[in-house]
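Here is a short tour of one protein model, written to be read with the structure open beside you. We begin with a single helix and then step back to the whole chain.

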Amino acid sequence: MARIVIATLGSRGDLFPFIPIGLRLRERGHTVTFAAARAFASLVAAEGFPFHPLPGPVSFEEYRRHPEVFDPRWNGLASLSALMRDIILPELKKVVTSLSDACREADLILTHAGQPASPMAAELAGARWATLSLFPGNIPSAWTVPQGALLPALPTPLGRALDRAAWAVTLALLDVLFDRDLNAVRRELGLAPARHAFLLGAISPTLCLVLSSPRYSPRPPDWPPHIKVTGFTSWDRAADWREPPSLEAFLRDGPPPVVVTLGTALVRDPRNFFDVAASALHALGQRGVFLAGGEPVGPFGADVLVLSHVPLSTLLPRCAAIVHHGGAGTTAAALLAGRPAVVVPRLFDQPYHGARARALRVGIAIPWPRLTERRLRGALERVL
């Protein structure tokens, strides 16, 4: 049986979809080790997996110290620049070295599509590697456009030519902004420079699994055969999680509430977001469960219960709708529970999920800069 290392980075939402993959591989007799930020050690260990801590606190706690990572200027480029400058690049060489050590005896590395250390570590360790992608919108196609493009994808031969041109411009811009620094690290490690290292460097040329439903993210016809859309891999309930008694009592004492959550976007202006949500729910006479991640928000009165975290797979089937930031895992949880959503996207893949919810008529999107109590109230009124 194979020895497999699953490498990720980022927040819990970047780790959770990989847990069920590890569980299934283990059921089939493979040895699975997770390599991630030290902050996730206890969570992974609770599921019985060996854990290899990677250098650098690339986790939710680090995002708290660097709220500039959620800077929406320049169509998200300011955010990406801050993420690379302040969080990823300072520790990248150490992460590559540590991950390559963890992979010396591995038969396969499964990597997050945003983890630039993995392809470098695989080359150093001489290991095979495959990609687990949470964001199909980052894989170029003539049937799609880059996030933030001025025009939508156009379903004509001329439109597809314009789509290709939009991707070419985007790749060239990202190459100029980020590839020099990434390739500098590659040279320090004795590796040859990579083309499109930032956007496509962690997309394996052998196998890339897009962890999304093909109904939600249809596979473009021009993707190469090694890119496959597998379906959602949902997991959000740690082995040691216990439901707080206050939640059961709240759900029992009134009609199904609206869930309001921000995920990692909690690091920037959470109080205003929850204040707006509370006002909108109050105006509609709706109850709410706010998942505030321990942030000091409220109080909002008896009709709103504020908790730190509740697995959405447990909570959403007992609720009426959800207001969320557009994270991949939260989006999947809402779809799997059959609950309508109001998506308030800010950055990264969040606008993609807001657009998909709107296009599939499973939710309404309100861009973060346009969020007001009136708009949220109107959107909730429609989805409810």
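## A helix and its cover

In helix α7, the residues that count as buried are Ala-117, Ser-118, Pro-119, Met-120, Ala-121, Ala-122 and Ala-125. Please keep in mind that this is a predicted model. Helix α7 runs over residues 117–125, and seven of its nine residues are buried, so the helix is largely enclosed by the rest of the structure. Which elements provide the cover over the buried residues of α7? They include the strands β1 (3–7), β4 (108–112) and β5 (128–133), together with the helices α6 (92–102) and α8 (157–188). Just after α7 comes Gly-126, with a positive phi of about 70°.

Helix α8, one of the elements covering α7, also contains Ala-166. Ala-166 has a relative accessible area of 23%, and is therefore partly exposed, since buried would require a value under 20%. Its C-alpha atom is separated by 6.9 Å from that of Pro-146, and the two residues are 20 apart along the chain.

## The whole chain

Stepping back, the protein has 14 helices and 13 strands. Its radius of gyration is 21 Å, close to the 21 Å that the globule rule gives for 384 residues, so the protein is as compact as a globular protein of that length. The C-alpha trace spans about 60 × 50 × 35 Å along its principal axes.

How much of the protein counts as buried? The share is 51% of the 384 residues. The accessible surface comes to about 17300 Å², and carbon and sulfur atoms account for 56% of that surface. As for contacts, if you take those between residues at least 6 apart in sequence, 59% join residues at least 24 apart. The charges are 40 positive and 31 negative, and the mean positions of the two sets are 5 Å apart.

## A buried leucine

Leu-54 sits in strand β3, which covers residues 51–54. With a relative accessible area of 5%, Leu-54 is buried. What is Leu-54 in contact with, once its neighbours within four places in sequence are left aside? The residues are Thr-8, Ala-35, Ala-36, Ala-37, Arg-38, Val-95, Ser-98, Leu-99 and Gln-115. One of them, Val-95, is 41 residues away from Leu-54 along the chain, yet the C-alpha atoms of the two are separated by 5.8 Å.

## Aromatic rings

A pair of aromatic rings is described by the distance of the centres and the angle of the planes. This structure holds 10 aromatic pairs, and two of them are set out here.

| Ring pair | Centre to centre | Angle between planes | Arrangement |
|---|---|---|---|
| Phe-16 and Trp-235 | 5.0 Å | 80° | edge-to-face |
| Tyr-216 and Tyr-352 | 6.4 Å | 85° | edge-to-face |

The pair of Phe-16 and Trp-235 links distant parts of the chain, with their positions 219 residues apart. Phe-16 belongs to the loop between α1 (12–15) and α2 (19–27), while Trp-235 belongs to the loop between β7 (227–229) and α9 (245–252). Are these two residues buried or exposed? Both Phe-16 and Trp-235 are buried.

The tyrosine pair links distant parts of the chain as well, with Tyr-216 and Tyr-352 lying 136 residues apart. Tyr-216 is in the loop between β6 (208–210) and β7, and Tyr-352 is in helix α13, residues 350–359. Tyr-216 and Tyr-352 are both buried.

Ring pairs also join Phe-273, Phe-274, Phe-290, Phe-300 and Trp-368 into a cluster.

## Two positive phi values

Most residues other than glycine have a negative phi. Where, then, does a residue other than glycine take a positive value? Phe-348 is one case, with phi near 55°. This phenylalanine is found in the loop between β12 (341–343) and α13. At 28% relative accessibility, Phe-348 counts as partly exposed.

Arg-361 is another case, with a positive phi of about 60° although it is not a glycine. Its place is the loop between α13 and β13 (363–365). Arg-361 has a relative accessible area of 77%, so it counts as exposed.

How values were computed:
Residues are numbered from 1 along each chain as its sequence is written. This is a predicted model: local features need pLDDT of at least 70, side-chain atom pairs count only at pLDDT 80 or more; totals for chains, interfaces and linings use all residues. Side-chain values use heavy atoms; hydrogens and water are left out. Helices (H or I, at least four residues) and strands (E, at least two) are DSSP runs, numbered from the N terminus. The radius of gyration is taken over C-alpha atoms; the globule rule is 2.2 Å times the number of residues to the power 0.38. Buried means under 20% relative accessible area, exposed over 50%, partly exposed in between (1.4 Å probe, protein chains only). Contact means heavy atoms within 4.5 Å. Accessible areas come from the Shrake-Rupley method with a 1.4 Å probe; for residues, only the protein chains shown count as cover. Lys and Arg count as positive and Asp and Glu as negative; His and the chain ends are not counted. The place of a charge is taken as NZ of Lys, CZ of Arg, CG of Asp or CD of Glu. Rings of Phe, Tyr and Trp (its six-membered ring) pair if their centres lie within 6.5 Å; planes under 30 degrees apart count as stacked, over 60 as edge-to-face and the rest as tilted.
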